[in-house]
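Dear colleague,

I am passing on a structure for you to look at, and the notes that follow it set out what was found. Please read them with the model open beside you.

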Amino acid sequence: MHHINISDYRNDPAVRQLLVLAAEPANEQELEALLDECENLQVLVQAAATGQIVALVAYRHSDEYALCVEYLAVDGSHEHQGLGRALLFELRDSQKKILWATTAADAVGFYRAIGCVVSASSTDPRWPDAARFLCTLPYFPLLNSQPEEDPEYEAVGGELLRGLIEIAEPSPHWVPDFLALHACLAQALGSTALAIEHTGSTSVPGLPAKPIIDAILLVPDANQENAYVPALESAGLVLWHREPGWYGHRMLKPAANSGLADANIHVFSAGSPEYLRHLIFREHLKQNEADRTAYAAIKREAACALAAADGANGLVMDYNRIKEPFIRSVHDRIFAG
């Protein structure tokens, strides 16, 4: 494997054919535009013994934690040899980053088979009639660590909320409440919403929880608030706070008159380690009854301890700190595997 500059390979028939396979340009003009785009990307290739390039991946670094796979293709005569997988694993392990890509339904099986977390995504303007999916390949050392910089908590539309932390039994309203929130976010953001996932305890059937919907919204760059906050504010949401040092995290909440259930919408950039932690933990709890039962007990104990200590003056972050050792122990087991 080696990197190439597309400018040196614009007229290489094998490279041109691979890009046709990757992006299906409609004509020669679109292919030339695709080649122009790839000149601004990094390109890793695999060559056959003859020297002919038979597989390529074009990508860009989206932030310090992740890189975006824009195009991936393997020549038809070299399919089923693991070349696509090898290219992606080489990128992940050499760059020590999480990989993410949006893709059509026919490629989801490949990405899932190599260990990607898959979420439904918004329609891509390049392929407006095709369902799209966000596929994210974990780099587990990043999931086992946290940023070392100060999160820089900054209140915007609301302060830290204090109150009595109460745990409710599972409610049939939580899923439709999330779906209403999902519809609101998707309509407001269109293709900017790369994924919208129901997370937290209300997303796990049978698990008691604080009766507040948690959702993760992935955008191309969470630090670029102008790309998504104004549209969400117009849809009845409030930018509550920002923590740029913690994966660029922003949190929004529905305004009191929005008609939406109480919710915390956590915004991260695509490829965020925190997004992966939440989805992997959610799916683990759905499948593991013992950990689900243990977590329910920890949640109740944490709420009782905080109520005894602070009463109606409790902070959710203190409740989360009590739960954290259990969550970390589960993470250690999952990510070690």
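Surface, fold and enclosed spaces

The chain exposes about 15900 Å², and carbon and sulfur atoms supply 50% of that area. Please keep in mind throughout that this is a predicted model, and that the values below are computed from it.

As to the overall build, the chain contains ten helices and 15 strands, and its C-alpha atoms fill a box of roughly 75 × 45 × 35 Å when the box is taken along the principal axes. Because a compact globule with 337 residues would have a radius of gyration near 20 Å, the 22 Å of this chain agrees with that expectation. Buried residues make up 48% of the 337 residues, and, among the contacts with a separation of 6 or more, 65% are accounted for by residues 24 or more positions apart.

Turning to the enclosed space, the structure holds one cavity of 30 Å³ or more, and the volume of the largest cavity is about 50 Å³. The residues that line this largest cavity are Val-69, Leu-88, Leu-99, Trp-100, Ala-101, Tyr-111, Ile-114, Cys-116, Cys-135 and Leu-137. Strand E5 (98–104) and strand E7 (132–137) are the elements that give two or more residues to this lining, with E5 giving the most, namely three residues. Sorted by class, the lining of the largest cavity consists of ten nonpolar residues, with no polar and no charged ones.

The open space that I would also point out is the second largest pocket, which has a volume of about 1100 Å³. It is lined by 41 residues, of which Ala-22, Leu-72, Thr-103, Ala-107 and Tyr-111 are the closest to its centre. At least two residues of this lining come from each of helix H1 (13–23), strand E4 (66–74), helix H3 (83–95), E5 and helix H4 (105–113), and E4 supplies the largest share of the lining, seven residues. By class, the lining of the second largest pocket divides into 20 nonpolar, twelve polar and nine charged residues.

You may wish to view the two spaces together, since Tyr-111 lines the largest cavity and is also listed among the residues closest to the centre of the second largest pocket. Strand E5 likewise appears in both descriptions, as the element that gives the most to the cavity lining and as one of the elements that supply at least two residues to the pocket lining.

With best regards

Terms used. Residues are numbered from 1 along each chain as its sequence is written. This is a predicted model: local features need pLDDT of at least 70, side-chain atom pairs count only at pLDDT 80 or more; totals for chains, interfaces and linings use all residues. Side-chain values use heavy atoms; hydrogens and water are left out. On a 1 Å grid over the protein atoms alone, a cavity is a set of points where a 1.4 Å probe fits but cannot get out, and a pocket is an open set with protein on both sides within 12 Å along at least five of seven lines; lining residues have an atom within 4 Å of a point. Grid points are joined across faces, edges and corners, and a volume is the space filled by probe spheres set on the points. Helices (H or I, at least four residues) and strands (E, at least two) are DSSP runs, numbered from the N terminus. Ala, Val, Leu, Ile, Met, Phe, Trp, Tyr, Cys and Pro count as nonpolar, Asp, Glu, Lys and Arg as charged, and the others, Gly among them, as polar. The radius of gyration is taken over C-alpha atoms; the globule rule is 2.2 Å times the number of residues to the power 0.38. Buried means under 20% relative accessible area, exposed over 50%, partly exposed in between (1.4 Å probe, protein chains only). Contact means heavy atoms within 4.5 Å. Accessible areas come from the Shrake-Rupley method with a 1.4 Å probe; for residues, only the protein chains shown count as cover.
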